[in-house]
Amino acid sequence: AKELAIAHAYMQLASIQFENRLRYTQSVDTSVNFNWFIPRMLIQLLLENAVKHGIAHLPQGGEVSLKLWSSQTDLHIAVTNHGHLPQNPDQGIGLQNIRSRLSMLYGTQTNFTLFQQDDKVQALTTIPINKVIEVASSHS
């Protein structure tokens with residue numbers, strides 16, 4: 001819940017900066033528990049990358065969307081934005097930091113992918129639910 005609040009505040013500030021060039025949508029499935037713990041600032045960093053490397057380069061602007069849902073075993077976080085992947089998208093420090101943090105916290109149970117889909121880029125993060133519940137219960 002705290003991470004979603006930070007993400008919302010960041011997108012409000014970005015919307016002021018980009019005015020009508022930035023549209024933001026957020027969808028959180030009812031299967032997502034707002035007490036689950038995810039890495040701090042993960043969602044905000046994904047949104048920041050979408051704005052900085054996507055929308056900022058488009059004169060007409062575009063949309064950034066955040067979607068969270070869970071399956072039986074995983075929490076899925078998807079950030080999608082208008083734009084195109086650079087030639088070497090894995091060289092960015094922000095993406096390397098995301099991958100490193102996820103790997104340190106969840107080992108091989110996590111996945112982070114970045115891919116082009118038509119005129120949009122999607123960053124998809126998968127985190128094992130047993131880990132987000134485990135951390136949440138230790139904070140109770």
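How much space lies in the second largest pocket? About 330 Å³. Keep in mind that this is a predicted model. Here's a quick look at that pocket, and then at helix H3, which supplies at least two residues of its lining.

**The second largest pocket**

- Count 19 residues around the second largest pocket; Asn49, His53, Pro86, Leu95 and Leu114 are the ones that lie nearest its centre.
- Four elements each chip in at least two lining residues: helix H2 (42-53), strand E3 (74-82), helix H3 (93-106) and strand E5 (120-128).
- H2 gives the most to this lining, with four residues.
- As for chemistry, the lining has eleven nonpolar residues and eight polar ones, with no charged residues.

**Helix H3**

- With 14 residues at 1.5 Å a residue, H3 should span 20 Å, and its end C-alpha atoms are indeed 20 Å apart, so expectation and model agree.
- The buried residues of H3 are Gly94, Leu95, Ile98, Leu102 and Tyr106.
- Look down the axis of H3 and those buried residues fall within an arc of 100°, which means they line one face of the helix.
- Flip to the other side of H3 and you'll find Ile93 and Met104 exposed.
- Gly107, sitting just after H3, takes a positive phi of about 60°.

**Where the two topics meet**

- Leu95 shows up in both lists: this residue is among those nearest the centre of the second largest pocket, and Leu95 is also one of the buried residues in H3.

Note on methods:
Residues numbered from 1 in each chain as written. Predicted model: local features only at pLDDT ≥ 70, side-chain atom pairs only at ≥ 80, totals over all residues. Heavy atoms only, no water. 1 Å grid on protein atoms, 1.4 Å probe; cavity = no way out; pocket = protein on both sides within 12 Å on 5 of 7 lines; lining within 4 Å. Points joined across faces, edges and corners; volume = space filled by probe spheres on them. Nonpolar A, V, L, I, M, F, W, Y, C, P; charged D, E, K, R; others polar. Expected span 1.5 Å × (residues − 1). Buried < 20%, exposed > 50% of the residue type's maximum accessible area, 1.4 Å probe, protein only. Arc of directions from axis to C-beta.
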